[in-house]
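Here is a walk through one protein model, taken residue by residue and then as a whole. Have the viewer open while you read.

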Amino acid sequence: MDPYRIVDVAPGLWIWRIPHPDWAPPDGGDRRVTSTCVVSGGEVIVLDPLAPPADATEIWARLDAQPPTIAVVLKPDHVRSVDAFVARFGCRAYGPEVYQLDDLPTSAIEPIWVDDELPGGLKPLYDGRSRNEWPMWLPEQRTIVFADAMTALGGELQVWWTPWHEQAVLPALRAFLDLPFERVIVSHGEPIHDRAEFERALQRPPFAGKF
């Protein structure tokens, strides 16, 4: 299996998947995680970017051909390579207000709030999980990009479990159905799922695996 994977998702939207050096899935399976690049509103935006190794030349060629202007961290423990992207491309960075002490970004990160509109027209969404995580709505591509609120590690799309799943998370995610999205992208497991699969995921038991 090729450890590096590029997928063109929609016009102006592509993802790359590479193995994460510091993470292993709870089932011992595929260690690859998803990073997203979107062109929207005149900006080139990377979401939860993990820097490819030097021999992933096709990924780097794409990034260098259309350099990111914005880098976004969607979740406190998804800092990944935001500092490397800021250093290489000179892009601005956005992300949660707080981070884990063992994984603090060194770049200046502009905080994300639920009613914000980021450069390029991207909009953070409230997922009800109280994890300081911001799924991102990409209106031009009709796509929602998740960090860990949803996952496909179990082989199908599921909501990641929290103790307040029924009380807070499901109502928050059902509100996403008011948006005219066509697909969702998740970080872990099979990355791309359509709207119908999102609706089915809301009916399934939540994913109870742990990192």
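## Around I112

Leaving out neighbours within four places in sequence, I112 is in contact with V72, V73, Y94, G95, L118, P124, W134 and M136 (contact means heavy atoms within 4.5 Å). I112 itself sits in the loop between β7 and β8. Helices here are DSSP runs of H or I with at least four residues, strands are runs of E with at least two, and both are numbered from the N terminus.

I112 counts as buried because its relative accessibility is 1%; the cut-offs are under 20% relative accessible area for buried, over 50% for exposed, and partly exposed in between, using a 1.4 Å probe and protein chains only. One of its contacts, Y94, is 18 residues away from I112 in sequence, with 6.4 Å between the C-alpha atoms.

## What you are looking at

This is a predicted model, so local features need pLDDT of at least 70 and side-chain atom pairs pLDDT 80 or more, while totals for chains, interfaces and linings use all residues. Residues are numbered from 1 along each chain as its sequence is written, and side-chain values use heavy atoms, with hydrogens and water left out.

## T36 in its strand

T36 belongs to strand β3, which covers residues 32–40. With 2% relative accessibility, T36 is buried. Its list of contacts, again without neighbours within four places in sequence, runs to L13, W14, I15, W16, I45, V46, L47, V145 and I185.

For a sense of spacing, take T36 and R17: they are 19 residues apart along the chain, and their C-alpha atoms are separated by 8.9 Å.

## Two glutamines in loops

Which of these two glutamines is buried, Q141 or Q66? Q141 is the buried one, as its relative accessible area is 6%. Q66 is partly exposed, at 42%.

Q141 lies in the loop between β9 (136–138) and β10 (143–145). Beyond its neighbours within four places in sequence, Q141 contacts P11, G12, L13, V38, V39, S40 and R183. Q66 is found in the loop between α1 (57–65) and β5 (70–72), and on the same basis its contacts are V39 and V44. Q66 and E43 are 23 residues apart in sequence, with 9.9 Å from C-alpha to C-alpha.

## S107 and its partner

S107 is in the loop that runs between β6 (92–95) and β7 (109–111). At a relative accessible area of 17%, S107 is buried. Not counting residues up to four places away in sequence, S107 touches V82, D83 and V86.

What joins the side chains of S107 and D83? A polar contact of 2.6 Å does. The term covers a pair of N or O atoms within 3.5 Å; within protein, one must be able to donate a hydrogen and the other to accept it, and residues adjacent in sequence count only if both atoms are side-chain atoms. For contrast, try S107 and T57: 50 residues apart in sequence, they are 25 Å apart in space, C-alpha to C-alpha.

## Positive phi angles

Most residues other than glycine have a negative phi. R80 has a positive phi near 45°. You will find R80 in the loop between β5 and α2 (82–89), where R80 is buried with a relative accessible area of 16%.

N132 also has a positive phi, about 60°, although it is not a glycine. N132 lies in the loop between β8 (123–124) and β9 and counts as partly exposed, at 24% relative accessibility.

## The whole chain

Zooming out, the secondary structure comes to four helices and 14 strands. Along its principal axes, the C-alpha trace spans about 45 × 40 × 35 Å. The radius of gyration is 16 Å, which agrees with the value near 17 Å for a compact globule of 211 residues; the radius is taken over C-alpha atoms, and the globule rule is 2.2 Å times the number of residues to the power 0.38.

Of the 211 residues, 54% count as buried. Among contacts between residues at least 6 apart in sequence, 56% join residues at least 24 apart.
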